[in-house]
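Work through the exercises below with the sequence and the structure at hand. Try each task before reading its solution.

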Amino acid sequence: MKRFQGTLAKPVPFVGVGLHSGSLVNLEVIPQAPNTGILFERTDISASPILACPSNISSTMLSTTIGKSPNTVATIEHLMAAFWGLGIDNALVRVSAQEIPILDGSAAPFVDKFSEVGIQIQHIPRSILILPEAFEIIDGDKFIRYEPPTDLDNPYLDIHCTVAFPSAIIGKQSLEFRYSEEVFLKISEARTFCHLDDVKMMRSQGLALGGSLDNAVVVDNEKVLNTDGLRYKDEFVRHKLLDFFGDIALLPGTLAGKVTMCKNGHALHAKFTNKIMTYLEKSESPSKSFSKRIRSAIG
Ligand SMILES: [Zn+2]
């Protein structure tokens, strides 16, 4: 785990299509001072920046959205996952629409450009978030279980993730993950996925207008419709893990411990991170200053 906070060495621009709107979106990620956190600012409306934190999540339908209408930013999770994996704690994201461009449906395009310009280590310690006890978030057959690390001098993040879908091409897939940047890079390449029936349903509701085989894996019964097939045999569970990274990146520090999860998604992740915030707000942990910062940004 990285000990110090980080930001980008210089600003990085992106242009891409919004998954749901189908329109072209400009994005610029700008370095920020230590203890700023990740801020999202809409350039198409006059509104103050939104701090990426669990209490600012306003929707978890199909993606993670933060902010209050009309000042909202959707589909932040793959960009947030890139920040999380590369150790970028502080950045201002300026975006020209209400959603982050989907690019290729993974976090790899973000990771590649950030790695190209480089990460600036800020020599201010990051908060390591260790919760006092084990807890579970359960919703039917979906769950996320947290256990504190057994070695407090050498905190780690171990994740066991399982997905289960009726489609035989996905089926049941499980993955064990212990954080290292090298392993993260392989997870970052996993693309978002959906069933052809879901695409038809979303289109009928005016959603996924920018969706194509260039930015998602589309499954039709037992077939992957993308001509190049999958990037990994277990790309589906890898992507669920990537979404989890993106959602825990909203926490005011690096989570340490053991996480076991099954059939997880953005709604469950949001319950998980909000539960962690209730622990942090009660505690006298080193993350107190972060909690204060979050409260002032909300208030
Ligand atoms: Zn995703």
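Two strands pair if DSSP finds at least two bridges between them. Helices (H or I, at least four residues) and strands (E, at least two) are DSSP runs, numbered from the N terminus. The model is predicted, so local features need pLDDT of at least 70 and side-chain atom pairs count only at pLDDT 80 or more, while totals for chains, interfaces and linings use all residues. Residues are numbered from 1 along each chain as its sequence is written, and side-chain values use heavy atoms, with hydrogens and water left out.

**Exercise 1. Two hairpins**

Task: Describe how strand 6 pairs with strand 7, and how strand 7 pairs with strand 8.

Solution.
Step 1. Strand 6 covers residues 57–59 and strand 7 covers residues 65–68; two bridges link them in the antiparallel sense. The bridge partner of S59 is T65 in strand 7.
Step 2. Five residues lie between strand 6 and strand 7, which form a hairpin. In its turn, L62 has a positive phi of about 70°.
Step 3. Strand 7 also pairs with strand 8 (residues 71–73), in the antiparallel sense and over three bridges. Here I66 stands opposite V73 of strand 8.
Step 4. The hairpin from strand 7 to strand 8 runs through two residues.

**Exercise 2. Backbone details**

Task: Where is P70 placed, and what kind of peptide bond joins S69 and P70? Where is T75 placed?

Solution.
Step 1. P70 is in the loop between strand 7 and strand 8. The peptide bond that joins S69 and P70 is cis, with omega about 5°.
Step 2. T75 is in the loop between strand 8 and helix 1. This residue is not a glycine, yet T75 has a positive phi of about 55°.

**Exercise 3. Two open sheets**

Task: Give the strand order of the open sheet of five strands and of the open sheet of three strands, and find the strands at the edges.

Solution.
Step 1. In the sheet of five strands the order is 2-3-9-4-5, and the pairing is mixed. Strand 2 (12–17) and strand 5 (50–51) are at the edges; each has a single partner strand, so one side of each lacks a neighbour in the sheet.
Step 2. Within this order, strand 4 (residues 38–42) and strand 9 (residues 91–95) run parallel and are joined by five bridges. I38 has A91 of strand 9 as its bridge partner.
Step 3. The sheet of three strands has the order 16-17-18, again with mixed pairing. Its edges are strand 16 (193–195) and strand 18 (223–224), and because each has a single partner strand, one side of each is left without a neighbour in the sheet.
Step 4. Strand 17 (residues 217–220) runs antiparallel to strand 18, with two bridges between them. The bridge partner of D220 in strand 18 is K223.

**Exercise 4. The domain interface**

Task: Into which domains is the protein divided, and how many residues of each are in contact?

Solution.
Step 1. Domain 1 spans 4–125 and domain 2 spans 128–293; such bounds come from an automatic or database domain assignment. Taken over C-alpha atoms, the centres of domain 1 and domain 2 are 17 Å apart.
Step 2. Contact (heavy atoms within 4.5 Å) involves 39 residues of domain 1 and 40 residues of domain 2.
Step 3. Buried area is the accessible area (1.4 Å probe) that two parts lose on being put together, summed over both. Domain 1 and domain 2 bury about 2,800 Å² between them, with 66% of it on carbon and sulfur atoms. H20, P54 and W84 supply 25% of the area that domain 1 buries against domain 2, more than any other three residues.

**Exercise 5. Salt bridges**

Task: How many salt bridges does the structure hold, and how many does the rule find across the interface of domain 1 and domain 2?

Solution.
Step 1. Apply the rule: a side-chain nitrogen of Lys or Arg lies within 4 Å of a carboxyl oxygen of Asp or Glu.
Step 2. Across the interface of domain 1 and domain 2 there is one salt bridge. D104 and R231 form a salt bridge with their closest N and O atoms 2.9 Å apart.
Step 3. The structure holds 10 salt bridges. K2 and E181 also form one, the closest N and O atoms being 2.5 Å apart. K2 lies in the segment before strand 1 (4–8) and E181 in helix 3 (residues 181–188), so this pair ties together parts 179 residues apart in sequence.
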